[in-house]
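Student: I am new to this structure and would be grateful for a close look at a single part of it. Please begin there and then connect that part to the rest.

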Amino acid sequence: MTLERDLIKYYRSLGLEIHTSTKARGHQGFYVKNRIDISKNIAQERIVPTLLHEFAHYIHSKLEPKIYSNGGTLEVIFDLSSPSEIYEDELFEVTKLVDKHAKFELLNNHKQTVKRKLLYCENVIKQKYPNFLRSKKFKEFDKYIKKSEAKYLLKYDRVKLITGWLFKKTKILSVENIEQDFKDMPSEFCAYIKLKSYQRRQARISGKINRLRKYYSKPTELFARFVEGLYLYPQQVKLTAPHVYNRFYELLNSGYYMELSKVFQILQTHNSVK
């Protein structure tokens, strides 16, 4: 019997519902109220790690029932008397090892690209207005833009203008085509509108990074990816998170993690964890 089937068989013996033919609410897997869904769309090699990840949530929910509302605490997960920053740091390093998205590489690269474009626009503006500062009002531009339809692009990257009462006309304006749409606009003013667009984009990227960091930093997610990591990269996890690794196995062997002990016995039978 395969490891995947062994795990599912054991989970079901505990009374858990296991579903492998759903979309798992758009995730690779999902655990809620004694039910584990594994997405039918994930790659074969991701099934076992996801089964372990979701089972870790199940174990954590037994230790700390309110994980859905607050994400749980490392104090309960590792039976600690006080918070430990080193545990959190080690666990986040394991998370980056297990899930490449937790490094935010694509988002950070995108953020750097936007930063370069912001500097370029700023330099274009300063060629004509050397005292220009992003944090100050750009009076010359404000005076010019009042009479231009381009003013709508100060808040939006793309707008649809409908003019006329009886015979309506529709016009699409976009920051991307500002030089074509407003051929008479000075280049420094075009650059300012683009600068505002890049600032909005920069804020969206930063917001997304912050939301993802908050998600990945939840104790229940840190724990689930640690368990996942022990299957995928046991030796690397041991080196990356020595304090967490030693404490985890101390608690696992004492029975603190309840049914998770049996899961690791199954993994050892299949030579997946050393």
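Is Glu179 buried, partly exposed or exposed, and what is its relative accessible area?

Tutor: The model under discussion is predicted. In this model Glu179 is partly exposed, because its relative accessible area is 35%, and partly exposed residues fall between the limits of 20% and 50%. The side chain of Glu179 meets that of Lys194 in a salt bridge, with 2.9 Å from N to O. Glu179 belongs to helix 8, residues 178–181, and Lys194 to helix 9, residues 187–216, so this pair ties together parts that lie 15 residues apart in sequence. Lys194 is likewise partly exposed, because its relative accessible area is 22%. As a general matter, side chains of opposite charge can pair when their charged atoms come close.

The salt bridge of Glu179 and Lys194 may be set beside others. The whole structure contains 16 salt bridges. One of them joins Glu93 to Lys96, with the closest N and O atoms 3.0 Å apart. Both residues lie in helix 5, residues 85–98, and because they are three residues apart there, about one helical turn separates them. Glu93 counts as partly exposed because its relative accessibility is 38%, and Lys96 counts as partly exposed at 24%. Another salt bridge links Lys137 with Asp142, where the closest N and O atoms are 3.9 Å apart. Here Lys137 is exposed, because its relative accessible area is 69%, whereas Asp142 counts as partly exposed at 26% relative accessibility.

Asp142 falls within helix 7, residues 139–145, and the loop between that helix and strand 4, residues 158–163, is the place of Ser148. Ser148 counts as buried because its relative accessibility is 11%, which is under the 20% limit. Apart from neighbours within four places in sequence, Ser148 is in contact with Phe182 and Met185.

Helix 9, which holds Lys194, also takes part in the nonpolar interior. The largest nonpolar core has 79 residues, and those with the most contacts inside it are Tyr11, Phe78, Phe248, Tyr257 and Leu260. Helix 9 provides the largest share of this core, namely 10 residues. In soluble globular proteins, nonpolar side chains tend to be buried together. Phe78 offers a view of its surroundings: beyond residues up to four places away in sequence, Phe78 touches Tyr87, Leu91, Phe223, Val244, Arg247, Phe248, Leu251 and Tyr257.

Helix 9 appears once more at the largest pocket. The space in this pocket is about 750 Å³. Its lining consists of 26 residues, of which His27, His53, Tyr215, Glu221 and Arg225 are the closest to the centre. Two or more lining residues come from each of strand 2 (29–32), helix 2 (47–63), helix 3 (67–70), helix 9 and helix 10 (219–232). Sorted by class, the lining has eight nonpolar, 10 polar and eight charged residues.

Strand 2, one of the elements that line the pocket, leads to a loop with notable backbone angles. Most residues other than glycine have a negative phi. Lys33, although not a glycine, has a positive phi of about 45°, and Asn34, also not a glycine, has a positive phi of about 65°. Lys33 lies in the loop between strand 2 and strand 3, residues 35–39, and Asn34 lies in the loop between these two strands as well. Lys33 is exposed, because its relative accessible area is 73%, while Asn34 is partly exposed at 40%.

On the other side of strand 3 in sequence, Lys40 has its place in the loop between strand 3 and helix 2. Not counting residues up to four places away in sequence, Lys40 touches Thr20, Ser21, Thr22 and Lys23. Lys40 and Glu259 are 219 residues apart along the chain, and their C-alpha atoms are separated by 26 Å.

To return to the part with which this answer began: Glu179 is partly exposed, and its salt bridge with Lys194 leads to helix 9. That helix gives the largest share of the largest nonpolar core and also contributes two or more residues to the lining of the largest pocket.

How values were computed:
Residues are numbered from 1 along each chain as its sequence is written. This is a predicted model: local features need pLDDT of at least 70, side-chain atom pairs count only at pLDDT 80 or more; totals for chains, interfaces and linings use all residues. Side-chain values use heavy atoms; hydrogens and water are left out. Helices (H or I, at least four residues) and strands (E, at least two) are DSSP runs, numbered from the N terminus. Buried means under 20% relative accessible area, exposed over 50%, partly exposed in between (1.4 Å probe, protein chains only). Contact means heavy atoms within 4.5 Å. A salt bridge is a side-chain nitrogen of Lys or Arg within 4 Å of a carboxyl oxygen of Asp or Glu. On a 1 Å grid over the protein atoms alone, a cavity is a set of points where a 1.4 Å probe fits but cannot get out, and a pocket is an open set with protein on both sides within 12 Å along at least five of seven lines; lining residues have an atom within 4 Å of a point. Grid points are joined across faces, edges and corners, and a volume is the space filled by probe spheres set on the points. Ala, Val, Leu, Ile, Met, Phe, Trp, Tyr, Cys and Pro count as nonpolar, Asp, Glu, Lys and Arg as charged, and the others, Gly among them, as polar. A nonpolar core is a set of buried Ala, Val, Leu, Ile, Met, Phe, Trp, Tyr and Cys residues joined through side-chain atoms within 4.5 Å.
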